[in-house]
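Hi everyone, thanks for coming. Let's take a short walk through a structure that is new to most of you, so please have a look at the screen.

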Amino acid sequence: MGNMVKVGMADMNICKAPDAITTLGLGSCIGVVLYDARTKICGMVHVMLPDSTAIKMNDNPAKFADTGIRDLLAMLAKEGVAKASLKAKMAGGAQMFAVKSDNEMLRVGQRNAEAVRKVLASYGIKLLAEDCGANYGRTIEFYPETQELYIKSIGKELKII
Amino acid sequence: MSARLEEFSDMEFDVLKEISNIGAGNATTAISTMLGIKVDMKVPVIKFLEFKELAESIGGAENIVTGILFGLEMDIDGMMMFVMDCRSAQKMVASILHTEEAEGAEFSEMGVSVLQELGNIIAGSYLSAISSLTHLSIAPTVPYLSVDMAGAILSVPAIQFGTVSDRALLIRSEFGEEGTNVDGYFILVPTLEAFEKIFTSLGLSN
């Protein structure tokens, strides 16, 4: 077994097999994994918001779907991973509170998931699996060795996508 | 007042601390009266935390907690959250319903109602204290309850902060009772405009 690399909220990192990468307690945020099955290098970004252009306060690129994925691609490129060989998986984007409101801030989970799909499509990266939505938190672990994404939630069985 | 949370002055911090002290003090008295026990409150701690430190500060991202969320309306926009660890929440439910204390993260339908009502009382007393201090009208929405990992629960106020800052302002007022050890946190998340209104109403505007 390798080490477990931790990614915090609005944070990103990369790792190579046999190491694995994790982010804990995803709520409305999304954990996006980009991986190359051949070199077994992968990266993860924990995005909080869909769009950096809609927000003035955007010094941290990892906070947003658009700039987060862009910078993660750059990090992977530095390791010699070409964009064309990357596939993606993602999880998160829950609505943690059953708020009956038109406050779009509270539906941000859904908007985050849509934004990630759109950004990935714009780079031509295939999203092979996802586990998004619903109303519960998720801890995710990605193993580049097997390209499996483990999803753990409270009171639910382990899910592997 | 600055356009960024990061640039708040010491004076502005002190004001926020005092406001949360008064709010939490009022709420603690309400809890104390309701439970018929003596509940103590610690001096509130105000911290600017990077998002990745937020969940760690209340016991780790995977720590299971009970979160009660309110939207704030009228003069102040934003949200307020009251977070308790599950054991404390079970303790409070049991002491109000006079039932055996349940284990884990499962709450009965009655337990959920109790927690929401508890949240109502806490939010109401917290906000009315701030309201009378600032002469601003602040009303909470109905309470929403979620029991899940701290990271997931806190992502909701964190995202709200994320729109105006790269860090979250955690106003943590811990309360507890010796012996029963009920621990909880209040997290107040006004919008930037709301901060401005609070400071202006207290004569701090420049």
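Let me start with one side chain: K152(A) is partly exposed, at 35% relative accessibility. For that scale, buried means under 20% relative accessible area, exposed means over 50%, and partly exposed is in between, with a 1.4 Å probe and protein chains only. The areas themselves come from the Shrake-Rupley method with a 1.4 Å probe, and for residues only the protein chains shown count as cover.

Before going on, some housekeeping. This is a predicted model, where local features need pLDDT of at least 70 and side-chain atom pairs count only at pLDDT 80 or more, while totals for chains, interfaces and linings use all residues. Residues are numbered from 1 along each chain as its sequence is written, chains are lettered from A and ligands numbered from 1 in the order in which they are written, and side-chain values use heavy atoms, with hydrogens and water left out.

Okay, back to K152(A). Which residue forms a salt bridge with K152(A)? That's E141(A), with the closest N and O atoms 2.8 Å apart. By salt bridge I mean a side-chain nitrogen of Lys or Arg within 4 Å of a carboxyl oxygen of Asp or Glu. E141(A) sits in strand β8 and K152(A) in strand β9 of chain A, eleven residues apart. Strands here are DSSP runs of E with at least two residues, helices are runs of H or I with at least four, and both are numbered from the N terminus. Unlike its partner, E141(A) counts as buried, at 11% relative accessibility, whereas K152(A), as I said, is partly exposed.

How many salt bridges does the structure hold over all chains? Six. Another one pairs D131(A) with K159(A), again with N and O 2.8 Å apart at the closest. D131(A) is in strand β7 (residues 126-132) and K159(A) in strand β10 (residues 159-160) of chain A, so this pair ties together parts that are 28 residues apart in sequence. Buried or exposed? D131(A) is buried, at 7% relative accessibility, and K159(A) is partly exposed, at 36%. There's also a network here: D131(A), R138(A) and K159(A) are joined by salt bridges that share partners.

A third one is between K40(A) and E145(A), at 3.0 Å, N to O. K40(A) is in the loop between β4 (30-36) and β5 (41-47), E145(A) is in the loop between β8 (138-143) and β9 (148-152), and they are 105 residues apart. K40(A) is partly exposed, at 25%, and E145(A) is too, at 42%.

Now for A91(A), in strand β6 (residues 87-92) of chain A. A91(A) is buried, with a relative accessible area of 0%. Beyond its neighbours within four places in sequence, its contacts (heavy atoms within 4.5 Å) include D131(A) and R138(A), which you've just met, plus I140(A) and I151(A).

Finally, chain B. I22(B), L133(B) and L202(B) make a nonpolar surface patch of about 200 Å². Patches are made of residues with over 30% relative accessible area and no salt bridge, joining like charges within 9 Å and nonpolar side chains (Val, Leu, Ile, Met, Phe, Trp, Tyr) within 5 Å. I22(B) belongs to helix α1 (residues 10-35) and is partly exposed, at 32%.
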